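Visitor: Could you walk me through a model, one feature at a time?
Guide: Sure, here it comes.

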Number of protein chains: 2
Amino acid sequence: VTIESAALRVLPVFAGVDDAVLAEIARLGEMREFAPEAVLLEQGTMADHLHVLLSGQVGLTARSSEGRSTVVEVLRAVDVFFLAAVLTDAPYLMGAIALERSRLLLVPAPALRGLVDDSLPLARAMLAALSRHYRMLARQVADLKLRTSTQRLGCYLLALARELKAPGEFRLPYDKRLLAGRLGMTPENLSRAFAALRDYGVETHGARVVLHDMNALERFALPDAIV
Amino acid sequence: VTIESAALRVLPVFAGVDDAVLAEIARLGEMREFAPEAVLLEQGTMADHLHVLLSGQVGLTARSSEGRSTVVEVLRAVDVFFLAAVLTDAPYLMGAIALERSRLLLVPAPALRGLVDDSLPLARAMLAALSRHYRMLARQVADLKLRTSTQRLGCYLLALARELKAPGEFRLPYDKRLLAGRLGMTPENLSRAFAALRDYGVETHGARVVLHDMNALERFALPDAIV
């Protein structure tokens, strides 16, 4: 399976990149499709491909020396990832799993580095993507250090309601075990946090969430003013 | 006070950047000196300068809506920071304080963006710096999610011993309140963690740390194989 450079041109992550470079990325890249829960790669191996997520949803995972595993970040199409590892020619610090059926374009790392070395528009596009990812992680570190786990869950639900433009009622986009990892808690802690949020109008039925009083939830969870 | 572009040319963060661009950075930049504990800036304001840390040590800080504050990351000279905020023309997600007497070159954000737009070597140098910072944060998120606070302290001491090439005995580079923030715990938790590490041969006298049994500490704290 191949991809046309025209399909890459419309992607915001490649905004401003010239056609010749996109054609080269399309030519070098390999299209892959992954089933839900498929492991894309394990952390610790040398970065061999830039990953362009064309459709679906991927979790970046970390595993401790004693084998515990957690989802560090969730990425939705369209996005690029493993950029820092590819650019610094270093081992992957995180693994990756497909959270739903996902299509990816895998671009060999040495070729990608060569293209970045020659193309200022590509270097700028990669800087923009990496800046965005850096800020996602910076928010997450502050969140982990400054909030209780129940506040973190509250902030997450408020952000999701805003993003889905469904303030009253929505479905969680992935299962509770994954959500617990993303928020830095155990599944048991997540259940307790959902129970504690009932006092602030949060009702859950499986993956369905109803927010009855967003103001009360905001006063408790104290989301950042900077979004 | 001004800086010569020759002084910038020797800095690893500007490796490969042409003299004309460095001369422009030197011309546009403003040299500033900060006393220990001086606040460089508060989070939430629009990013107006790229910060080049020429000497000293700076803490990137986060403050919650209820006023709690913590050190997210510690940077030592020579380094650049607030790159992601400057490149995306966004508000600073973190504040910054001087942890010791520090000299910085402040480069106006619009001018820096203009230079990155025109200079591939500068864009590549900034990509390298941002990749390094992204990986620092990614390690920290995994650390916060996968380890107990006592294990985090153990990993931190092992990394410090390796970095200072002083496996047996060394001094903590900053005070315990800051260290607690960096490791995502309260000062009380940090004291308890130091006490718990006595079982693994960790002795402390104020800022002085002696590691009597690094193997035992490694078996307990389980540092990453990927460094």
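Visitor: How many aromatic pairs are there over all chains?
Guide: Some ground rules come before the count. This is a predicted model, where local features need pLDDT of at least 70 and side-chain atom pairs count only at pLDDT 80 or more, while totals for chains, interfaces and linings use all residues. Residues are numbered from 1 along each chain as its sequence is written, chains are lettered from A and ligands numbered from 1 in the order written, and side-chain values use heavy atoms, with hydrogens and water left out. Rings of Phe, Tyr and Trp (its six-membered ring) pair if their centres lie within 6.5 Å; planes under 30 degrees apart are stacked, over 60 edge-to-face, the rest tilted. By that rule, the count is six over all chains. Take Phe81(B) and Phe82(B): their centres are 5.1 Å apart with 55° between the planes, a tilted pair. In chain A, Phe81(A), Phe82(A) and Tyr92(A) make up one aromatic cluster.

Visitor: Is Phe81(B) buried or exposed?
Guide: Go by relative accessible area: under 20% is buried, over 50% exposed, in between partly exposed (1.4 Å probe, protein chains only). Phe81(B) comes out at 1%, so it is buried. Phe82(B), at 10%, is buried too.

Visitor: Which ring does the charged end of Lys176(B) sit over?
Guide: The test wants NZ of Lys or CZ of Arg within 6 Å of the ring centre and within 35 degrees of the ring normal. Lys176(B) sits over Phe194(B), 4.8 Å from the ring centre. In chain A, Lys176(A) lies over the face of Phe194(A), at 4.8 Å from the centre.

Visitor: What turn lays chain B on chain A?
Guide: Copies are superposed by least squares on C-alpha atoms of residues with pLDDT of at least 70 in both. Here a turn of 180° with a shift of 0.0 Å along the axis does the job, at an RMSD of 0.0 Å. That's how a two-fold axis relates copies.

Visitor: How much area do chain B and chain A bury between them?
Guide: Buried area is the accessible area (1.4 Å probe) two parts lose on being put together, summed over both. For chain B and chain A that's about 4600 Å², 71% of it on carbon and sulfur atoms. On the chain B side, Tyr134(B), Lys145(B) and Leu146(B) lose the most area to chain A, together 18% of what that side buries.

Visitor: How many salt bridges cross the interface of chain B and chain A?
Guide: The rule asks for a side-chain nitrogen of Lys or Arg within 4 Å of a carboxyl oxygen of Asp or Glu. It finds two across this interface. Arg124(A) and Asp117(B) meet in a salt bridge, 3.0 Å from N to O.
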